[in-house]
Amino acid sequence: MARKNKRRIKITGTGFYVPDKVLTNADLEKMVDTSDEWITTRTGIKERRVVSEDQATSDLAVEASRIALQNAGLKVKDIDLIVVATSSPDTIFPSTACWVQKGLGAGYVPAFDLSAGCTGWLYGMIVAEGLILNGAHKRILLVGAEVLTKITNMKDRNTCVLFGDAGAATVLEESHDESGMLSSYWKADGSLGDLLFLPGGGSRIPTTPETIAQNLHYIHMKGNDVFKHAVKRMGEAASEALKSAGITKEDIAYLIPHQANIRIIEATGRRLKVPPEKVYSNIHKYGNVSVASIPISVHELYEEGKLKKGDIILMVAFGAGFTWAAAAYRW
Ligand code: ACO
């Protein structure tokens with residue numbers, strides 16, 4: 001359902017963290033039967049970041065959160081809820097959010113994970129909006145973090161060229177001026193879940209030596225199908241969010257699509273008739289970092305001085321589930 005907001009939440013701090021290690025297309029050429037030319041033309045990706053063996057999702061989340069808190073001018077003790085969107089948790093339980101709470105030294109604030117594939121951060125914005133506007137929480141730390149390289153089969157050229165590791169954090173509070181989330185739209189279609197999923201390690205297919213031998217502990221994806229649904233659904237979500245905010249594509253300063261593939265990003269821009277210079281992309285640097293991709297993009301646009309007060313951005317995502325969502329936001 002699409003929603004227009006009268007009272008609004010706003011982002012008061014952003015931050016992101018990527019591991020130091022860079023994995024280039026040239027590196028991948030040595031690992032699987034692929035080429036820089038194939039990866040660049042089919043995906044737009046030139047390089048991605050990869051964690052060290054001892055780094056987990058919460059480690060990236062904690063680093064990103066410290067930066068976001070600093071940019072918000074807040075201390076850890078000022079946060080009253082931690083939500084982590086992820087598909088690559090440190091552990092099935094406890095939640096990654098609890099590991100982040102420990103890592104930050106955030107005291108006894110409630111903490112939980114949100115699972116909505118690559119759409120998780122936008123789902124988190126909508127959940128946080130409800131919690132803030134109904135008075136339950138004042139300052140929410142919403143993190144999108146993934147270590148996808150540890151759940152990707154690095155011998156499978158169909159998937160290993162796509163994904164990277166990153167964490168991005170945002171501090172959310174009620175807005176008392178014109179800025180903030182203007183509208184939102186979210187949907188899911190569980191009937192298509194097996195087009196993009198991690199089959200093993202859950203209660204359906206618990207881990208055994210056989211499931212490991214069959215690589216069921218890695219991402220499985222029907223790339224072509226994901227592609228088609230992503231373009232259609234991101235177009236739908238973005239249009240609905242614009243409509244319910246009562247604005248048109250001419251009003252937006254930037255379209256920020258989830259960074260899955262440059263062809264998905266460009267096709268979404270074309271579908272919405274947004275000129276290419278207004279369609280933000282950083283996929284060449286990070287690959288597909290799932291839930292972290294939109295908050296990293298917002299942070300970069302702001303830090304580079306490209307977002308001015310009053311600018312409207314349109315954020316849109318699609319991911320495993322399938323899930324899809326969009327939000328119009330006035331800076
Ligand atoms: N290097 C070289 N060749 C490759 C590679 C590779 N890394 N990967 C696949 N190929 C080959 C295939 O084997 C196939 O060869 P064949 O014709 O001999 O069988 C050929 O390239 C074409 O394969 P397609 O799958 O048709 O290639 P396509 O143009 O669809 O691109 C891709 C594949 C990049 C995965 C694309 O489908 C895609 O991006 N889909 C979206 C998936 C996605 O973004 N998933 C992320 C998670 S969801 C999300 O974030 C929205």
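**Two domains and a cavity**

This predicted model is divided into domain 1 (9-177) and domain 2 (181-330).

Student: How many residues of domain 1 are in contact with residues of domain 2?

Tutor: Let's start with the centres of the two domains, which are 14 Å apart when taken over C-alpha atoms. Now look at the contacts between them: on the domain 2 side, 47 residues take part. On the domain 1 side, the number in contact is 49 residues.

Student: Which three residues supply 16% of the area that domain 1 buries against domain 2?

Tutor: Good one! About 3,900 Å² is buried between the two domains, and carbon and sulfur atoms give 68% of that area. Of the part that domain 1 buries against domain 2, no other three residues supply more than Cys118, Leu122 and Ile126.

Student: Which helices each supply at least two residues of the lining of the largest cavity?

Tutor: A search of the whole structure turns up one cavity of 30 Å³ or more. Its lining includes Trp121 and Leu122, as well as Ser293 and Ile294. Domain 1 and domain 2 each provide at least three lining residues. The helices you are after are α5 (120-133) and α11 (293-303).

Student: How many residues of that lining are nonpolar, polar and charged?

Tutor: Cys118 and Val291 are among the lining residues, and both kinds count as nonpolar. Thr119 and Ser290 also line the cavity, and these kinds count as polar. The full division is six nonpolar, four polar and no charged.

Student: Is threonine 159 buried or exposed?

Tutor: Threonine 159 sits in helix α6 (residues 157-160) and touches Thr152, Asn153, Ile219 and Met221, leaving aside residues up to four places away in sequence. Its relative accessibility is 2%, and the cut-off is under 20%. Therefore threonine 159 counts as buried.

Note on methods
Residues numbered from 1 in each chain as written. Predicted model: local features only at pLDDT ≥ 70, side-chain atom pairs only at ≥ 80, totals over all residues. Heavy atoms only, no water. 1 Å grid on protein atoms, 1.4 Å probe; cavity = no way out; pocket = protein on both sides within 12 Å on 5 of 7 lines; lining within 4 Å. Points joined across faces, edges and corners; volume = space filled by probe spheres on them. Helix = DSSP H or I, 4+ residues; strand = E, 2+ residues; numbered from the N terminus. Domains from an automatic or database assignment. Buried < 20%, exposed > 50% of the residue type's maximum accessible area, 1.4 Å probe, protein only. Contact = heavy atoms within 4.5 Å. Buried area = accessible area lost by both parts, 1.4 Å probe.
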